[in-house]
Amino acid sequence: KIVREIDERGLGDRSKDKPRDLVLMLAKAKMDHLINEIQAGNCNDDLPSGFTSANEWVVLTGDQVVTHAGNILEKPDSVEQAKEFVTGYASSPCSTVGSCVLTHLPSGIQVSGVDTATIHFKPTITGDIIDNLLKEDAPVLSCAGGLMIEHPLTREHIDRIEGTEDSVMGLSKDLVIRLLGELRQKLLENAK
């Protein structure tokens with residue numbers, strides 16, 4: 001796993017961009033940055049042993065936001081904001097919108113896609129859950145929308161999920177498998 005941070009909040013317009021457009025733009029910006037870092041030799045210590053530019057590699061980047069009531073929610077700026085997010089989930093469902101970008105090296109051939117899942121919470125969920133999660137060192141300020149569905153304290157308040165849990169958790173396996181198939185097809189077409 002190689003992480004090279006970009007200024008995500010400096011990209012896009014959360015008040016105007018469609019969530020799927022925003023997460024694709026962010027994942028592609030991450031990809032551009034990461035590929036530049038790899039090609040500049042700035043990731044050599046993080047790459048698998050045996051990595052050379054002569055080998056073929058698939059690089060994956062992604063991004064995710066949570067949407068609620070027509071608003072894009074990213075990682076909360078504060079505990080208070082996380083509590084506001086969660087309080088809203090009691091009255092209407094939130095959705096995760098996640099993107100994935102795959103790039104083949106050395107060809108630069110790229111495919112991308114978006115997956116959405118909707119989480120319906122029980123009306124029992126309140127902002128108090130944030131305090132309880134923080135007591136257990138849950139990284140609520142590091143999660144889009146302020147919650148991790150895999151945490152037992154959150155899970156007990158979930159009514160149902162439309163979509164897959166892995167999509168809610170940040171990366172849809174089905175999307176990755178579909179994109180790998182698309183990438184393979186593009187590589188075969190390119191080889192002709």
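I count two strands as paired if DSSP finds at least two bridges between them. The model I looked at is predicted.

**Entry 1: the sheet**

I started with strand β3 (residues 94-105) and strand β4 (residues 110-121), which run antiparallel and are joined by ten bridges. I looked up one position in this pair: Cys100 has Gly113 in β4 as its bridge partner.

I then traced the whole sheet. It is open, has five strands in the order β2-β1-β3-β4-β5, and its pairing is antiparallel. β2 (71-73) and β5 (158-162) are the edge strands; each has a single partner, so one side of each is left without a neighbour in the sheet. I also noted the turn between neighbouring strands of this sheet, which is 30 degrees on average with direction ignored.

**Entry 2: helices across the sheet**

I checked which strands helix α1 (residues 19-39) lies across, and found β1 (57-68), β2, β3 and β4. α1 runs at about 150 degrees to β1. Helix α6 (residues 173-191) lies across β1, β3 and β4, and runs at about 165 degrees to β4.

**Entry 3: helix α3**

Which residues of helix α3 (residues 128-135) are buried? I found Ile129, Ile130 and Leu133. Seen down the axis of α3, these buried residues fall within an arc of 105 degrees, so they line one face of the helix. The general rule I kept in mind is that an α-helix has 3.6 residues a turn, so residues three or four places apart point the same way.

Asp128 and Lys135 are exposed, on the face of α3 turned away from its buried side. I looked next at what the buried residues of α3 pack against, and it is α2 (79-89) and α4 (152-155). Just after α3, I noted that Asp137 takes a positive phi of about 60 degrees.

**Entry 4: the nonpolar cores**

I listed the largest nonpolar core, which has 21 residues. Tyr89, Phe121, Ile130 and Leu147 touch the most other members. α2, β4 and α3 each supply at least two residues of this core. The largest share, four residues, comes from α2.

I followed Phe121 further. Leaving aside neighbours within four places in sequence, Phe121 is in contact with Tyr89, Cys94, Leu147, Thr154, His157, Ile158 and Asp159. Tyr89 and Leu147 are thus on both of my lists, as contacts of Phe121 and as core residues that touch the most other members.

Apart from this core I found another, of ten residues, including Cys43, Leu47, Val101 and Leu105.

Definitions and conventions
Residues are numbered from 1 along each chain as its sequence is written. This is a predicted model: local features need pLDDT of at least 70, side-chain atom pairs count only at pLDDT 80 or more; totals for chains, interfaces and linings use all residues. Side-chain values use heavy atoms; hydrogens and water are left out. Buried means under 20% relative accessible area, exposed over 50%, partly exposed in between (1.4 Å probe, protein chains only). The arc is that of the directions from the helix axis to the C-beta atoms. Contact means heavy atoms within 4.5 Å. Axes are lines fitted to C-alpha atoms, for helices over the stretch in contact, and angles run from 0 to 180 degrees between N-to-C directions. A nonpolar core is a set of buried Ala, Val, Leu, Ile, Met, Phe, Trp, Tyr and Cys residues joined through side-chain atoms within 4.5 Å.
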